[in-house]
Amino acid sequence: MDDKDKKYGIIGTTVFHVGMLLILIFFGLSTLPQEEEGILVNFGDTVLGQGEVEPKESQAPVVEQEKTPPPPPKAETLPPPATADPEPEEELKTQDFDEAPEIKSAEQKKKEKEEKERLEEERKKREEQERLEREKEQERQKELERLRQIEAEKEAQRQKELAEQRAREEAERKRKEEQARQAAEARNRVSGAFSGKGSGESTSEGDTGGSGNQGYITGDPNSKNRSGSGLGNSGNGFDLKGRSLVGSLPLPQHNSNKEGIVVIKITVDSNGNVTSARFEMKGSNTQDRELVDNAKAAAMRAKFNADKSANAYAQGTITYHFQLD
């Protein structure tokens, strides 16, 4: 007979005896009241009285009679259930007693594991949040650095523009000073030319009927031609030692209302071709971009005589006088 059958036998015996005990307690242990034996006596409520007729109500005081309570029923003592072998019950108790700590320990371990996993998850969340905050701070620092760099570049550009503006203003100032100097020299030359002319009694010369000396500041004081620039028909010329001009000097385009003298420094090869032309400040009284570009383009078209025995390159100048008709 195996342990499983023993266990079922013990459980069945225990249930049977407990059921029988309950039935005896509720149904089999109650006692029936015993009737007293003897003769019947007249109904009354006292041992004293007189007469043949029963009164409606008793006038005598009611005396309670003591009643003897019935004896308590004797409980039958049930013998303990017979067991073939007491060891299975001990094994059952021992098994019931040993399983509870094991279940409790497993549940406790499960709770501890869940708590540990929860704490680990919270730690990971905190670390992830801290990492995101660090990345945000790094991005903010990078953005600030980029803005500072952009601001520094803008400031450098402003300083550069200011320096260029000051350089242009300085060049313009020097140009005006050079023009004033050249005008003063021209006036001095004219004054020197007129100082030996006439008797000095005349204060005006010309044919317009006004006062003053009619003519052009760069003209010839002995010329009677009082219109034009005073520089001849073209007003242009060149200076290239040892070389001669082939044909006429190319004229620059002049479609604006600007005037001035532009000197172009040229380089000529042994074949007489102009290889380069650049603006020359000396002798010029204007730096106007349009006049300078037109003068350069005209100078590049100039042609001089070829000289194989001459140097490979010769340098000279071409002067253009831009004037309004």
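In this predicted model, residue E259 is placed in the loop that runs between β1 and β2 (260-269). With a relative accessibility of 45%, E259 counts as partly exposed, because the partly exposed class covers values between the limit for buried residues, under 20%, and that for exposed residues, over 50%. Although E259 and F322 are 63 residues apart in sequence, their C-alpha atoms are 4.9 Å apart in space. When neighbours within four places in sequence are left aside, E259 is in contact with L291, F322, Q323 and L324.

The chain in which this loop occurs has a secondary structure of three helices and four strands, and these elements follow the pattern α-α-β-β-β-α-β when read along the sequence. Of the 325 residues in the chain, 13% are buried. The accessible surface of the chain amounts to about 26,800 Å², and carbon and sulfur atoms account for 52% of that surface. Among the contacts between residues at least 6 apart in sequence, 70% join residues that are at least 24 apart.

A second loop position, N285, is found between β3 (274-280) and α3 (289-300). A polar atom of the N285 side chain lies 2.5 Å from the backbone nitrogen of I261. Apart from neighbours within four places in sequence, the residues in contact with N285 are R175, Q179, Q182, G260 and I261.

One of these contact partners of N285, R175, also takes part in a salt bridge with E172, in which the closest N and O atoms are 2.2 Å apart. Both E172 and R175 lie in helix α2, where they are three residues apart, or about one turn of the helix. The two partners fall into separate accessibility classes: E172 is partly exposed, with a relative accessible area of 31%, whereas R175 is buried, with a relative accessible area of 13%. The value for R175 places this residue in the buried class because that class takes in relative accessible areas under 20%.

Side chains of opposite charge can pair when their charged atoms come close. The structure holds 18 salt bridges, including the one formed by R140 and E137, whose closest N and O atoms are 2.6 Å apart. R140 and E137 are three residues apart in helix α2 (residues 87-195), and they are therefore separated by about one helical turn. Both ends of this salt bridge are partly exposed, the relative accessible area being 44% for R140 and 35% for E137. Another salt bridge joins the side chains of E151 and R158, with an N to O distance of 3.7 Å; E151 is partly exposed at a relative accessible area of 43%, and R158 is likewise partly exposed at 37%. In addition to these pairs, a network of salt bridges links E115, R118 and E122.

With regard to aromatic side chains, the structure holds one aromatic pair. This pair is formed by F238 and F304 in an edge-to-face arrangement, with 5.4 Å from centre to centre and 65 degrees between the planes. Distant parts of the chain are linked by the pair, since F238 belongs to strand β1 (residues 237-239) and F304 to the loop between α3 and β4 (313-322), the two residues being 66 residues apart. F238 is partly exposed, with a relative accessible area of 34%, while F304 is buried, with a relative accessible area of 1%.

Turning to the surface, a nonpolar patch is formed by F16, V18, M20, L21, L22, I23, I25, F26 and F27, which together have about 930 Å² of accessible area. One member of this patch, I23, has its place in helix α1 (residues 3-28), and its relative accessibility of 46% makes I23 a partly exposed residue. This value is consistent with membership of the patch, because patches are made of residues with over 30% relative accessible area and no salt bridge.

Note on methods. Residues numbered from 1 in each chain as written. Predicted model: local features only at pLDDT ≥ 70, side-chain atom pairs only at ≥ 80, totals over all residues. Heavy atoms only, no water. Patch = residues over 30% accessible without salt bridge, like charges linked within 9 Å, V, L, I, M, F, W, Y side chains within 5 Å. Areas by Shrake-Rupley, 256 points an atom, 1.4 Å probe, with all protein chains shown as cover. Salt bridge = Lys/Arg side-chain N within 4 Å of Asp/Glu carboxyl O. Buried < 20%, exposed > 50% of the residue type's maximum accessible area, 1.4 Å probe, protein only. Polar contact = N/O pair within 3.5 Å; in protein donor to acceptor, adjacent residues only side chain to side chain. Contact = heavy atoms within 4.5 Å. Phe/Tyr/Trp six-rings, centres within 6.5 Å; stacked < 30°, edge-to-face > 60°.
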